[in-house]
Amino acid sequence: MSESHQRQLLLASEDPQQFMDYFSEEFRNDFLELLRRRFGTKRVHNNIVYNEYISHREHIHMNATQWETLTDFTKWLGREGFCKVDETPKGWYIQYIDRDPETIRRQQEQEKKKKQDLDDEEKTAKFIEEQVRRGLEGKEQERPIYTELNRESEEEKVAFNLNKGASTSVAAPSKTSSALGPNALKMVGGAGSVKRKESAHSSGQSKEKKKKSALDEIMEFEEEKKRTARTDYWLQPEIVVKIVTKKLGEKYHKKKAVVKEVIDKYTAVVKMIDSGDKLKLDQTHLETVIPAPGKKVLVLNGGYRGNEGILESINEKNFSATIIIESGPLKGRRVEGIQYEDISKLL
């Protein structure tokens with residue numbers, strides 16, 4: 001126990017109410033600090049937090065505070081606005097309310113990203129629906145139209161023209177046909193056959209090209225969507241991060257650490273680079289670290305998430321960077337405009 005604590009205890013011992021107020025404040029501060037550091041803003045059973053709190057040797061016993069039971073303390077946290085509390089058949093649950101301006105700003109950004117993701121999904125659905133509609137319209141236009149076979153009089157002979165390319169030759173007088181001889185008819189028929197094949201071939205090519213073009217559009221759209229796909233969590237093992245919360249004091253504020261373990265996507269166990277201390281922090285209390293060009297980075301968000309890369313350059317005006325992918329099937333690809341928060345230095 002520190003000297004300041006001992007002095008406060010000596011003062012408190014003269015007044016029982018002062019004694020209780022002091023230990024109540026210490027108990028509240030230590031409990032909330034554990035809740036914030038260990039669970040962040042997640043909803044958790046109050047017994048889980050309390051059992052972890054009393055596992056520390058120098059904890060303050062609840063019987064020295066103004067609260068008789070853990071339930072009383074939980075209700076008090078809700079009334080005072082420190083936590084969101086709710087009672088269930090399994091007991092009381094609490095959720096820490098982080099009023100840090102930086103945390104609030106990050107939460108607002110996450111909400112904007114979620115809304116953008118929903119908008120992208122709607123755009124994708126509309127785009128695919130439009131492509132299907134266009135494909136169906138094209139098929140309807142290509143469908144042949146069949147009409148009833150009619151002749152004006154019974155004496156009229158019905159003639160079938162099976163060779164569209166040779167229609168002019170068939171309509172010519174029979175004398176001309178006989179004068180030209182059978183070879184000429186073969187030549188005409190052969191020419192019509194070649195034309196028909198060329199027509200069918202070109203028609204098939206145009207249809208294939210049309211289908212391929214629509215498919216390419218969908219593939220490009222899906223690739224762009226994947227490239228911009230985002231999540232509200234970004235922590236990854238072995239990346240270097242910077243502690244931005246001031247609640248841990250100057251010893252850790254703005255200091256760098258390495259993520260050693262990721263818990264439930266949003267919480268990390270980090271090891272300080274300078275002191276070797278290990279801390280458990282929420283991702284809202286950390287930020288990414290951008291190394292010097294030529295150093296290794298890991299992509300933390302977007303379509304290239306999980307890929308390692310080499311930092312090529314930094315655009316300070318737009319807070320973005322250009323990297324060269326160094327792993328996976330996209331190895332060698334140059335990616336521009338990646339935001340600072342989407343990459344971090346690899347140890």
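Axes, in what follows, are lines fitted to C-alpha atoms, for helices over the stretch in contact, and the angles between them run from 0 to 180 degrees between N-to-C directions. With that in mind, the tour can begin; please remember throughout that the structure on your screen is a predicted model.

**The whole chain**

Before selecting anything, colour the chain by secondary structure, and you should be able to pick out eight helices and 13 strands. Of the 347 residues in the chain, 31% are buried. If contacts are counted between residues at least 6 apart in sequence, 51% of them join residues at least 24 apart.

**Stop one: the helix pair H2 and H3**

Select helix H2 (16–39) together with helix H3 (46–54). The axes of H2 and H3 come within 10 Å of each other and cross at roughly 110°. Because angles of 65 to 115 degrees count as roughly perpendicular, H2 and H3 are therefore described as roughly perpendicular to each other. The crossing of H2 and H3 is right-handed.

Now show side chains where the two helices meet: on H2 these are Phe27, Asp30, Phe31, Leu34, Leu35, Arg38 and Phe39, and on H3 they are Asn46, Ile48, Val49, Tyr50, Glu52 and Tyr53. Keep H3 selected and ask which of its residues are buried. The buried residues of H3 are Asn46, Val49, Tyr50 and Tyr53, and they cover an arc of only 95° around the axis, which puts them on the same side of H3. Among the elements that cover these buried residues of H3 are H2, strand S1 (43–45), H4 and S3.

**Stop two: phenylalanine 27**

Centre the view on phenylalanine 27, which is found in helix H2. Is this residue buried or exposed? Phenylalanine 27 has a relative accessible area of 0%, and since buried means under 20%, phenylalanine 27 counts as buried. Leaving out residues up to four places away in sequence, phenylalanine 27 touches Tyr50, Tyr53, Ile60, Met62, Thr65, Trp67 and Phe73. For a distance to check in the viewer, take the C-alpha atoms of phenylalanine 27 and tyrosine 53, which are 26 residues apart along the chain and separated by 9.6 Å.

**Stop three: helix H4**

Add helix H4 (70–79) to the selection. H2 and H4 pack at an angle of about 80°, with their axes 13 Å apart, and that makes H2 roughly perpendicular to H4. At this meeting, Phe27, Arg28, Phe31 and Leu32 of H2 are in contact with Phe73, Trp76 and Leu77 of H4.

The buried residues of H4 are Leu70, Phe73, Thr74, Trp76 and Leu77. Turn the view until you look down the axis of H4, and these buried residues fall within an arc of 160°, so they line one face of the helix. They pack against H2, H3, strand S2 (83–88) and S3. Select phenylalanine 73 by itself, and, apart from its neighbours within four places in sequence, its contacts are Phe27, Arg28, Phe31, Met62 and Trp67. Following the chain beyond H4, you come to glycine 81, whose phi is positive, near 85°.

**Stop four: the nonpolar cores**

Next, select Phe27, Phe31, Leu35, Val49, Phe73 and Leu77, which touch the most other members of the largest nonpolar core, a set of 23 residues. Two or more residues of this core come from each of helix H2, helix H3, helix H4 and strand S3 (91–96). Which element gives the most? H2 does, with eight residues. A second, separate core has 18 residues, and to find it you can select Tyr252, Val270, Leu300 and Leu346, which are included in it.

**Stop five: two loop residues with positive phi**

Finish with two loops. Lysine 265 is found between strand S5 (256–263) and strand S6 (267–272), and it has a positive phi of about 70° although it is not a glycine. With a relative accessibility of 46%, lysine 265 counts as partly exposed.

Then move to phenylalanine 319, in the loop between strand S10 (308–315) and strand S11 (320–325). Phenylalanine 319 is not a glycine either, yet has a positive phi of about 55°. Its relative accessible area is 52%, and phenylalanine 319 is exposed.

Note on methods
Residues numbered from 1 in each chain as written. Heavy atoms only, no water. Core = buried A, V, L, I, M, F, W, Y, C linked by side-chain atoms within 4.5 Å. Buried < 20%, exposed > 50% of the residue type's maximum accessible area, 1.4 Å probe, protein only. Helix = DSSP H or I, 4+ residues; strand = E, 2+ residues; numbered from the N terminus. Contact = heavy atoms within 4.5 Å. Arc of directions from axis to C-beta. Parallel < 35°, antiparallel > 145°, perpendicular 65-115°, else oblique. Left-handed = near helix turned anticlockwise from the far one by under 90°.
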